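Please open the model in your viewer and keep the selection tool at hand. The stops below say what to select next and what is to be found there.

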Amino acid sequence: MARVQSIERAFQLLDAISAAELGVTELAVRLEMPKSTVARIVNTLLDLKAVERVEPNATYRIGPRVFRLGAGQDRVADLVFRSRRHLEMLAREVGEDAGLSVPDGNKVHYVAQEDAQNDIQVRDWTGTLLPMHVVPSGLVILAHWPAQQVDSYIDGGLNAYTRHTVTDPNLLRERLERIRSDGSAWVVGEFAEGISSVASPIYDGHGRVEAAIHVHGPAYRFPGQSDPDAIAAVVADAAARVSGGG
């Protein structure tokens, strides 16, 4: 059977960087390939999000697209299982609905929700796909993407869903920087008027953001008289527990 050399080489490269973060020169030496060939393959895999660049050492590691292909629904099912009791706790403690979401391309996918016991409830968003920049779950994921990936997302256009949606690229970049520092994000009325939400990221075993936990409710009562920072801290604690496998 005929074999395609470029595909073989791409898999050799992926095998190598799955074991260690390597630069183009190191890959060329290890795989005994011309450096120009390795650079060409790496750039293609980078465009496909199969690998991602690690600064400041200019090395490469396995990218989010390969993780999605490898883990698929099993990963999501595991996240839902590990998150469920923490979502229940959040819904009880905060008094608003709590949810779990994962990245799906350039959108965030809501995969689970636990409802609080309120007479007036926000709809169940499970199964919904939304742009990253209009909801806090998407923002905390986007905030941890490599700069090149963020640039690509912004270049695709920042659509406004309400008059409050942040669509200015510079303002969005500043916001993402604050989110990385704060560890959480609040959004009020940017996807839907009258809805507020706060989210924090969930990390995988490699220290990369793989999902987000959020709490949302009607803006007239959430956060209401409660301290937004205190609520964000409770959400961040739940996300940290899921990250730790607890």
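Begin by selecting Pro-223, which sits in the loop between β8 and α8, and display the backbone on its N-terminal side, where a cis peptide bond with an omega of about 10 degrees joins Phe-222 to Pro-223. Bear in mind throughout that this is a predicted model.

**The sheet**

From this loop, extend the selection to the sheet, an open one of six strands in the order β5-β4-β3-β8-β7-β6, paired in the antiparallel sense. At its edges stand β5 (129-131) and β6, and because each of these has a single partner strand, one side of each is left without a neighbour in the sheet. If you look along the sheet, the twist from one strand to the next averages 30 degrees. Now add helix α8 (residues 228-243), which packs on the sheet and touches β6, β7 and β8, its direction making about 35 degrees with that of β7.

**Strand β7 and its two partners**

Select strand β7, residues 195-203, and colour it by accessibility: seven of its nine residues are buried, so the strand is largely enclosed by the rest of the structure. What joins β7 to strand β6, residues 185-188? Four bridges do, with the two strands running antiparallel. One position to label is Trp-186, which stands opposite Val-198 in β7. The connection between β6 and β7 is a hairpin with six residues between the strands, and in its turn Gly-189 has a positive phi of about 65 degrees.

Turning to the other partner, strand β8 (residues 209-218), you will find that β7 pairs with β8 over nine bridges, again in the antiparallel sense. Val-198 stands opposite Val-215 in β8, while Ser-200 has Ile-213 in β8 as its bridge partner. These two strands, β7 and β8, also form a hairpin, here with five residues between them, and Gly-207 in the turn has a positive phi of about 80 degrees.

**A polar contact to Glu-210**

Next select Arg-82, whose place is in helix α4 (residues 64-94), and show its side chain together with that of Glu-210, since the pair is joined by a polar contact of 3.5 Å. Is Arg-82 buried or exposed? With a relative accessibility of 17%, Arg-82 counts as buried, the cut-off for that class being under 20%.

**Met-132 and its surroundings**

Move to Met-132, in the loop between β5 and α5 (136-142), a residue that is buried with a relative accessible area of 0%. Leaving aside neighbours within four places in sequence, the residues in contact with Met-132 include Pro-103, Asn-106, Val-108, Leu-142, Trp-145 and Tyr-153. Gly-105 is another of these contacts, and a distance monitor between the C-alpha atoms of Met-132 and Gly-105, which are 27 residues apart along the chain, should read 9.6 Å.

**The helices α1, α2 and α3**

Now select helix α1 (residues 5-19) and helix α3 (residues 35-47), whose axes come within 10 Å and cross at roughly 80 degrees. An angle of 65 to 115 degrees counts as roughly perpendicular, so α1 is roughly perpendicular to α3. On the α1 side, Arg-9, Ala-10, Leu-13 and Leu-14 take part, and they meet Thr-37, Val-38, Ile-41, Val-42 and Leu-45 in α3. Sorted by class, this contact has seven nonpolar residues, one polar and one charged.

Add Leu-27 in helix α2 (residues 24-31), which is buried with a relative accessible area of 0%. Beyond residues up to four places away in sequence, Leu-27 touches several residues, among them Leu-13, Ala-16, Ile-17, Val-38 and Val-42. To relate this site to the sheet, draw a line from the C-alpha atom of Leu-27 to that of Ser-196, a separation of 47 Å between residues 169 places apart along the chain.

**Two loop residues with positive phi**

Finish with two backbone torsions. Glu-32, in the loop between α2 and α3, has a phi near 55 degrees, a positive value in a residue other than glycine, and with 73% relative accessibility Glu-32 counts as exposed. Lys-49, in the loop between α3 and β1 (51-54), likewise has a positive phi, of about 65 degrees, although it is not a glycine, and at 26% relative accessibility Lys-49 counts as partly exposed.

Methods: Residues are numbered from 1 along each chain as its sequence is written. This is a predicted model: local features need pLDDT of at least 70, side-chain atom pairs count only at pLDDT 80 or more; totals for chains, interfaces and linings use all residues. Side-chain values use heavy atoms; hydrogens and water are left out. Buried means under 20% relative accessible area, exposed over 50%, partly exposed in between (1.4 Å probe, protein chains only). Two strands pair if DSSP finds at least two bridges between them. Axes are lines fitted to C-alpha atoms, for helices over the stretch in contact, and angles run from 0 to 180 degrees between N-to-C directions. Angles under 35 degrees count as roughly parallel, over 145 as roughly antiparallel, 65 to 115 as roughly perpendicular and the rest as oblique. Contact means heavy atoms within 4.5 Å. Ala, Val, Leu, Ile, Met, Phe, Trp, Tyr, Cys and Pro count as nonpolar, Asp, Glu, Lys and Arg as charged, and the others, Gly among them, as polar. A polar contact is a pair of N or O atoms within 3.5 Å; within protein, one must be able to donate a hydrogen and the other to accept it, and residues adjacent in sequence count only if both atoms are side-chain atoms.
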